[in-house]
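Colleague: I am new to this structure and would be grateful for a close look at a single part of it, namely its interior and the loops around it. Please explain each term as it arises.

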Amino acid sequence: METIPNTDLPRIQACEPIAISVEPGKVYSWCSCGLTLKTPFCDSAHKNIEGMPYRSVKVQFETAQEVWFCQCKQTKTPPFCDGSHNHVKADLNKD
Ligand code: FES
């Protein structure tokens, strides 16, 4: 398998969370590296990165509900948005 260098990860996919209606019992695999094309969920893109420190975060719910998944990849409570994207926005606006 060909690998590419690990730089600038995790990649910010969006500076806002995304609401997903989850089903009870289903396993959701959240992307923590930001390389997925199926945001916010893992598509195994991390497997192509040399020395990749990020792995998907698996989560399951007991009830159907709306969940806000992080897309900025800076959350301290993965896979859920904790408001850290507000700091990402501020940092992006500095340049
Ligand atoms: S979108 Fe990442 S913390 Fe809110």
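Modeller: The chain contains one helix and four strands, and from the N terminus on these elements follow the order β-β-β-β-α. Helices (H or I, at least four residues) and strands (E, at least two) are here DSSP runs, numbered from the N terminus. Residue numbers start from 1 along each chain as its sequence is written. The model is a predicted one, in which local features need pLDDT of at least 70 and side-chain atom pairs count only at pLDDT 80 or more, while totals for chains, interfaces and linings use all residues.

The interior comes first. Of the 95 residues in the chain, 22% are buried. A residue is called buried if 20 or more other C-beta atoms lie within 10 Å of its own, exposed if 12 or fewer, and partly exposed in between, with C-beta atoms placed from the backbone. The largest nonpolar core has nine residues in all: Trp30, Cys31, Cys33, Leu35, Cys42, Phe69, Cys70, Cys72 and Cys81. Such a core is a set of buried Ala, Val, Leu, Ile, Met, Phe, Trp, Tyr and Cys residues joined through C-beta atoms within 7 Å. In soluble globular proteins, nonpolar side chains tend to be buried together.

Trp30 is a useful place from which to look outward. Apart from neighbours within four places in sequence, Trp30 is in contact with Pro40, Phe41, Cys42, Ser56, Val57, Val59, Phe69, Pro78 and Pro79. Contact means that the C-beta atoms of two residues, placed from the backbone, lie within 7 Å. Over the whole chain, 58% of the contacts between residues at least 6 apart in sequence join residues at least 24 apart.

One of these partners, Val59, belongs to strand S3. Val59 is partly exposed because 16 other C-beta atoms lie within 10 Å. Not counting residues up to four places away in sequence, Val59 touches Tyr28, Trp30 and Pro79. Val59 and Pro78 are 19 residues apart along the chain, and their C-alpha atoms are separated by 9.5 Å.

Two of the prolines that Trp30 contacts, Pro40 and Pro79, lie in loops and follow cis peptide bonds. The bond that joins Thr39 and Pro40 is cis, with omega about 10 degrees; Pro40 sits in the loop between strand S2 (27–30) and strand S3 (57–60). The bond from Pro78 to Pro79 is also cis, with omega near 10 degrees, and Pro79 sits in the loop between strand S4 (65–69) and helix H1 (85–92). Most residues other than glycine have a negative phi, and most peptide bonds are trans.

Thr39 is likewise found in the loop between S2 and S3. Thr39 counts as partly exposed because 17 other C-beta atoms lie within 10 Å. Leaving aside neighbours within four places in sequence, Thr39 is in contact with Gln13, Cys31 and Gln71. Thr39 and Ala14 are 25 residues apart in sequence, yet 9.5 Å apart in space from C-alpha to C-alpha.

Each of these two loops also holds a residue other than glycine with a positive phi. Ser44 has phi near 75 degrees and lies in the loop between S2 and S3. Lys73 has phi near 70 degrees and lies in the loop between S4 and H1. Their surroundings differ: Ser44 counts as exposed because it has 12 C-beta neighbours inside 10 Å, whereas Lys73 counts as buried because it has 25.

Lys76 shares the loop between S4 and H1. Lys76 is exposed, because it has 9 C-beta neighbours inside 10 Å. Beyond four places in sequence, Lys76 is in contact with Asp82 and Ser84.

Finally, the core member Phe69 leads to strand S1 (residues 18–22), where Ile20 lies. Ile20 touches Val67 and Phe69, not counting residues up to four places away in sequence. The C-alpha atoms of Ile20 and Val67 are separated by 5.3 Å, although the two residues are 47 apart along the chain. Ile20 is partly exposed because 16 other C-beta atoms lie within 10 Å.
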